[in-house]
Amino acid sequence: MHDDLIPPELVAPAFNPAAFAHRDDIHALFTRLRRDYPLSKVEVPGFDPHWIVTKYADLREIARQDDIFHGGDRSKTLISQAGEALVRQYTGGQANIFRSLVQLDPPEHKKYRDVTAAAFSLDGIKAAMPNVEATAKLYADKMFAGGPELDFAQEVAFLYPLKVVLDLIGVPEKDHAKILELTQWLFTYADPDLKRPGSDLTDPAEITKTWGIVFDEFEKYYMPVIADRRGCPRHDLASVIANGVVDGAPLEHRALISYFIIASTAGHDTTAATTGTGMWQLAEHPEILAQLKANPDLIPSFVEETIRWASPVQQFVRSATRDYEIRGRTIRKGDLVYLSYLSANRDEDAFVDPFKFDAARSPNRHVGFGFGGHTCLGIHLARMEMIALWKQIIPRLKSVRLTDTPRMAESEFVCGPKSVPIHFEAEPA
Amino acid sequence: MTDTPYALYRCENCGHCYDEALGAPEDGIAPGTRFAELPDDWFCPQCGADKAAFVRVD
């Protein structure tokens, strides 16, 4: 293990959205970092120095201590110095454009999380399951009616989780396409196919400009919804958020809009990435489909493994509120820490054969949903909706193969396949 | 030795279950370890939630 700074040219791809579209290369990078620089600092030009956390145990130790390692004091996601300067200009000094659960810290974080905790609890999601299962059947029916060839990512994976969460929020179907577009501008701001039209990817502050536009568009969309739900609450998530109370008062404006944003974007894009990844695995490995058809009880563990494999939220950045000793290193107060969930989920010290997709992997203590207080609020919804979809598809699927090379989005933050072209054969009716 | 049946506890955060009868040998917790006997700083091995996030489900 090296004690020195990581050579910046070694780590630079981890700071470049385009690099994440080449999965073998990015995994090779993180494998090397786990081996040679398991917890070291890097100074990539244009960025403040970051500790790069690639080991599963280190990530869990840091992520769980959100009172020490904050998300709101600096940018919660990787950002250049130019980008961060523009954020502070845009927000009047704040480090983040969004004030969603992701960017909040204790004690405020839990108060805001509690606003929707019941809706996203196991019991809350179970109550929503009849509608989710109906939507799963709808998309499975569409797939089998429209086959035998389709782009599974674009025609199923992008759209099914979108409808599930937007129906829960109470967004009418006519607006779903716009929400999908804004989501893709947000998470895949640098992808040539999904980015905001007119965005300039040579500008290191482009992420800030696009995210500022995304915030404004969502604000414009949801302000009338909020007014409507405050005047006439309905049985939907929009009403829960709009009428939420923290410390006896309505949610602070930026946090209120950000709450809708995170539900409307992270509430489906991550599941879309994982679902597309699942079909990619089935199409490349017929033995997995055979295993699941013979043992449908393995579908839940297949879903867990797709989450580990995809790790759709690839990184978050935290900042240390005090000095902290870990792995013989001292992270100083104010230091930035890049948590690679993508790397942690392939850590050889945490997973047996981490580069083998094992649909029956047990236990599977991946960190695809995070770890600690910031564990994904939608964890139960994500699992249940994916299980519902595969329970519809797998019994009806006789075989499936790729018709072309799948393509990953170019994103250093939330990332998944943007194209999974398949040819399938259905079981006889 | 006790006749009190073993209980099942579920993490409200992620759904992970702790079964007193089974313990968690992979984490060094022997079968038959009561939930109350787990250290106060024990946390959910799946998601990291505090011990307080667990509820009894049976």
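**Tyr56(A)**

I looked up Tyr56(A) and asked whether this residue is buried or exposed. At 11% relative accessibility Tyr56(A) counts as buried, because buried means under 20%. I note here that the model is a predicted one. Tyr56(A) belongs to helix α3 of chain A, which runs over residues 56-64. Next I listed the contacts of Tyr56(A), leaving aside neighbours within four places in sequence. They are Ala344(A), Asp347(A), Ala350(A), Phe351(A), Arg365(A) and Val367(A). I also checked Tyr56(A) against His366(A). In sequence the two are 310 residues apart, while their C-alpha atoms are 8.7 Å apart in space.

**Ile326(A)**

I moved to strand β8 of chain A, residues 324-326, where I found Ile326(A). Its relative accessibility is 4%, so Ile326(A) counts as buried. Which residues does Ile326(A) contact, leaving aside its neighbours within four places in sequence? I found Leu39(A), Asp58(A), Glu61(A), Ile62(A) and Ile331(A). I followed up Asp58(A). Ile326(A) and Asp58(A) are 268 residues apart in sequence, and 7.6 Å separates their C-alpha atoms.

**Helices α6 and α16**

I then took a helix pair in chain A: α6 (residues 122-146) and α16 (residues 379-393). Their axes come within 8 Å and cross at roughly 35°. The crossing of α6(A) and α16(A) is right-handed. Which residues of α6(A) and α16(A) make the contact? From α6(A) I noted Leu122(A), Ile125(A), Lys126(A), Met129(A), Val132(A), Glu133(A), Ala136(A), Lys137(A), Ala140(A), Met143(A) and Phe144(A). From α16(A) come His380(A), Leu381(A), Met384(A), Glu385(A), Ala388(A), Leu389(A), Gln392(A) and Ile393(A). I sorted the contact of α6(A) with α16(A) by class: 13 residues are nonpolar, two are polar and four are charged.

**Aromatic rings**

I searched the whole structure for aromatic pairs and got 26 over all chains. I picked out Phe152(A) and Trp390(A). Their ring centres are 5.9 Å apart and their planes are at 20°, so the pair is stacked. Planes under 30 degrees apart count as stacked. Where do the two residues lie? Phe152(A) is in helix α7 (residues 152-157) and Trp390(A) is in helix α16, both of chain A, so the pair ties together parts that are 238 residues apart in sequence. Both Phe152(A) and Trp390(A) are buried.

I also noted a cluster linked by ring pairs. Its members are Phe98(A), Phe187(A), Trp211(A), Phe215(A), Phe316(A), Tyr341(A) and Phe413(A).

**Charges over rings**

I looked for charges over rings. In chain A, Arg346(A) lies over the face of Trp309(A), at 3.8 Å from the ring centre. In chain B, I found the charged end of Lys51(B) over the ring of Phe35(B), 5.1 Å from its centre.

**Backbone notes**

I went through some peptide bonds and found a cis bond from Pro106(A) to Pro107(A), with omega near 0°. Pro107(A) is in the loop between α4 (81-91) and α5 (108-120) of chain A. The bond from Ser362(A) to Pro363(A) is cis too, with omega near -5°. I placed Pro363(A) in the loop between α15 (341-344) and α16 of chain A.

I then checked phi. For Ser311(A) phi is near 40°, a positive value in a residue other than glycine. Ser311(A) sits in the loop between α14 (299-310) and β7 (315-320) of chain A. At 1% relative accessibility, Ser311(A) counts as buried. Asp353(A) has a positive phi as well, near 45°, and is not glycine either. I found Asp353(A) in the loop between α15 and α16 of chain A. Its relative accessibility is 48%, so Asp353(A) counts as partly exposed.

**Two more loop residues**

I looked up Ser100(A), in the loop between α4 and α5 of chain A. Ser100(A) has 6% relative accessibility, so this serine counts as buried. Not counting residues up to four places away in sequence, Ser100(A) touches Ser258(A) and Ile262(A).

My last entry is Asp404(A), from the loop between β11 (397-402) and β12 (407-408) of chain A. Is Asp404(A) buried or exposed? Its relative accessible area is 52%, so I wrote down exposed. From Asp404(A) to Ile307(A) I noted 97 residues in sequence and 23 Å in space, C-alpha to C-alpha.

Terms used: Residues numbered from 1 in each chain as written. Chains lettered and ligands numbered in written order. Predicted model: local features only at pLDDT ≥ 70, side-chain atom pairs only at ≥ 80, totals over all residues. Heavy atoms only, no water. Axes fitted to C-alpha atoms, helices over the stretch in contact; angles between N-to-C directions. Helix = DSSP H or I, 4+ residues; strand = E, 2+ residues; numbered from the N terminus. Left-handed = near helix turned anticlockwise from the far one by under 90°. Contact = heavy atoms within 4.5 Å. Nonpolar A, V, L, I, M, F, W, Y, C, P; charged D, E, K, R; others polar. Phe/Tyr/Trp six-rings, centres within 6.5 Å; stacked < 30°, edge-to-face > 60°. Buried < 20%, exposed > 50% of the residue type's maximum accessible area, 1.4 Å probe, protein only. Lys NZ or Arg CZ within 6 Å of the ring centre and 35° of its normal.
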